[in-house]
Amino acid sequence: MATTNNNIVVVMIPLPAQGHLQPLLELARRILSSSNFTIPVHYAGSTTHLRQAQSRAHGWDPLTTPNLHFSEFQMPTLDNIPPDSNDFYPSNLIPSFYAALEFRQPVADLVKNLSAADKFRRVVVIHDILMSWVVQDVITIPNTEMYFFHAVSALDVCSRILEAKLNPDPVTPPADVAEILQELACMEPGSDSPPPLMVKYVEKQMSCAVNYGGRNIFSTCRPIDGIYLDLMQQAFKSYDEHWKTWGLGLFMNPLEMDQNIKKDTTSTPPRHHLLQWLDKQEPNSVLLVSFGSAASFTDEQIRELALGLEQSQQKFIWVLKEADRANVFAENINGGSSTRAFVLPEGYEKRAEGRGIVERGWAPQLEVLGHASTGGYLCHCGWNSVMESISMGVPIAAWPLHTDHPRTALLLIKGLKIGIYVRDWAHRNELVKAETIHNAVKILMDSTEGEKLRQKAAELKDTVKASFMDGGATKKDIESFMSYITR
């Protein structure tokens, strides 16, 4: 049982976007569950984004979790504009990132108050690397330590460091890793960059990040891309104690992996209709199709996807809903419905009855991926989605859309060998035709190659799960991190 420790307190500053909010909140839970002491955690952000993270927590209630505190900051009111179906990147969320720059003073005040409290000898500030400008005043506050949080793969960060030649020390990657890094280095320059307004935002954050040392927490674990954690450590070895890397994930499926975390059993909600449908299907026979919380497609691309799934004659669950807006709880700027009306080919859902479901509402993605009837996942290669799929042992049909996605796709296909391309990065600006989608789905779901991918994915799941057990690589990283912040 944990004992009280009045020496350490943790403050978390997430970027206000779903792919960043949730893993940092899950890290808060892991810290609360992993220590022999009671370490208070303060998770800070706007009222809306705190509510978003709380409402999307899986299998636990953040609001009733002891020693987890939420610090609410005021954010300027934003037009709650819908996503642009012609823009793969969630550009409609960028204004909320700029609005979060207003958190600079509230963050400094929060940390100062905790630092001044007699009961804390150290304030550990874990901030998304894309909130580095916001925390710039923390470095001057006594008794504080700053830690970067990376909501992407270690491969993504490592490859960008090496491409930009930011490493002070040389690295010697293994031959297979060197091949992947070389392929990434040969990508069209700037092809995976965000829109100019986001580039400007990132540059603003990086201008401050260089001053904060090198304590890095990654939303990954060593069985997935530990070689890249090691390469980064090698690249900055001359920094000695000033450069640290920990792989403390998976964060998106803690119940499956971390034996210290207990499931909330206070209520048993009715079984979701998608799971009831899956109960009636054969093992590994259903493809989940979902593009996360921030992706948008044109009507033309949605039609091609619909036809490709139909032509494949494979069973599927297709989660088809509008991408997130800045405020996921509010109506749109005109006061109308916040849900886009997706138009499918005439009679499509009637023809798909018994073989496929188009889900326009919330779907229990982890449970769907974990169901024995689910045998594949067609997705955009967002890091949280990938981690969920890996945790459930499900191979991926990769359709990378922007920024970190093409690097993640390469990790899945060339590194971990648990995926295939639907559309590779070289053809990113082209309409993906129904025939291409049909062919990829058939390979993943109905071929010898697909069976090999499922076997490989199942093996990786077991390896990842074992790494959380006593003596495992991830358990050691968690213990190392907890020992470091409480030293």
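**Exercise 1. Which residue lies over the face of Phe 329, and at what distance from the ring centre?**

*Solution.* Bear in mind that this is a predicted model. Start at the ring of Phe 329: Arg 51 lies over its face, 3.6 Å from the ring centre. Then look at Trp 133, where Arg 104 sits over the face at 5.2 Å from the ring centre. Both distances fit the cut-off, which asks for CZ of Arg within 6 Å of the ring centre.

**Exercise 2. Classify the aromatic pairs Phe 97 with Tyr 201 and Phe 236 with Trp 243.**

*Solution.* A search of the whole structure gives 15 aromatic pairs. Take Phe 97 and Tyr 201: their centres are 5.9 Å apart and their planes differ by 45 degrees, so the pair is tilted, as stacked needs under 30 degrees and edge-to-face over 60. Next, place the two rings: Phe 97 belongs to helix α3 (residues 94–99) and Tyr 201 to helix α7 (residues 196–209), so the pair ties together parts 104 residues apart in sequence. Both Phe 97 and Tyr 201 are buried.

Now turn to Phe 236 and Trp 243, which are stacked, with 3.9 Å centre to centre and 10 degrees between the planes. Phe 236 is buried at 7% relative accessible area, and Trp 243 is buried at 8%.

**Exercise 3. Decide whether Lys 165 and Cys 381 are buried or exposed, and describe their backbone.**

*Solution.* Begin with phi. Lys 165 has a positive phi of about 55 degrees although it is not a glycine, and Cys 381, also not a glycine, has a positive phi near 75 degrees. Next, locate them: Lys 165 is in the loop between α5 (154–163) and α6 (175–185), while Cys 381 is in the loop between β13 (374–379) and α14. Finally, check accessibility: Lys 165, at 69%, counts as exposed because the cut-off is over 50%. Cys 381, at 0%, counts as buried because the cut-off is under 20%.

**Exercise 4. How many residues of helix α14 (residues 383–391) are buried?**

*Solution.* Walk along the helix: the buried residues include Trp 383, Met 387, Glu 388 and Ile 390. The count is nine of nine, so α14 is largely enclosed by the rest of the structure. Just after α14 comes Gly 393, with a positive phi of about 70 degrees.

**Exercise 5. Where is Ile 126 placed in the nonpolar interior?**

*Solution.* The largest nonpolar core has 89 residues, and Ile 126 is among those with the most contacts inside it. Leaving aside neighbours within four places in sequence, Ile 126 is in contact with residues including Met 12, Leu 27, Tyr 147 and Phe 481.

How values were computed
Residues numbered from 1 in each chain as written. Predicted model: local features only at pLDDT ≥ 70, side-chain atom pairs only at ≥ 80, totals over all residues. Heavy atoms only, no water. Core = buried A, V, L, I, M, F, W, Y, C linked by side-chain atoms within 4.5 Å. Buried < 20%, exposed > 50% of the residue type's maximum accessible area, 1.4 Å probe, protein only. Contact = heavy atoms within 4.5 Å. Helix = DSSP H or I, 4+ residues; strand = E, 2+ residues; numbered from the N terminus. Phe/Tyr/Trp six-rings, centres within 6.5 Å; stacked < 30°, edge-to-face > 60°. Lys NZ or Arg CZ within 6 Å of the ring centre and 35° of its normal.
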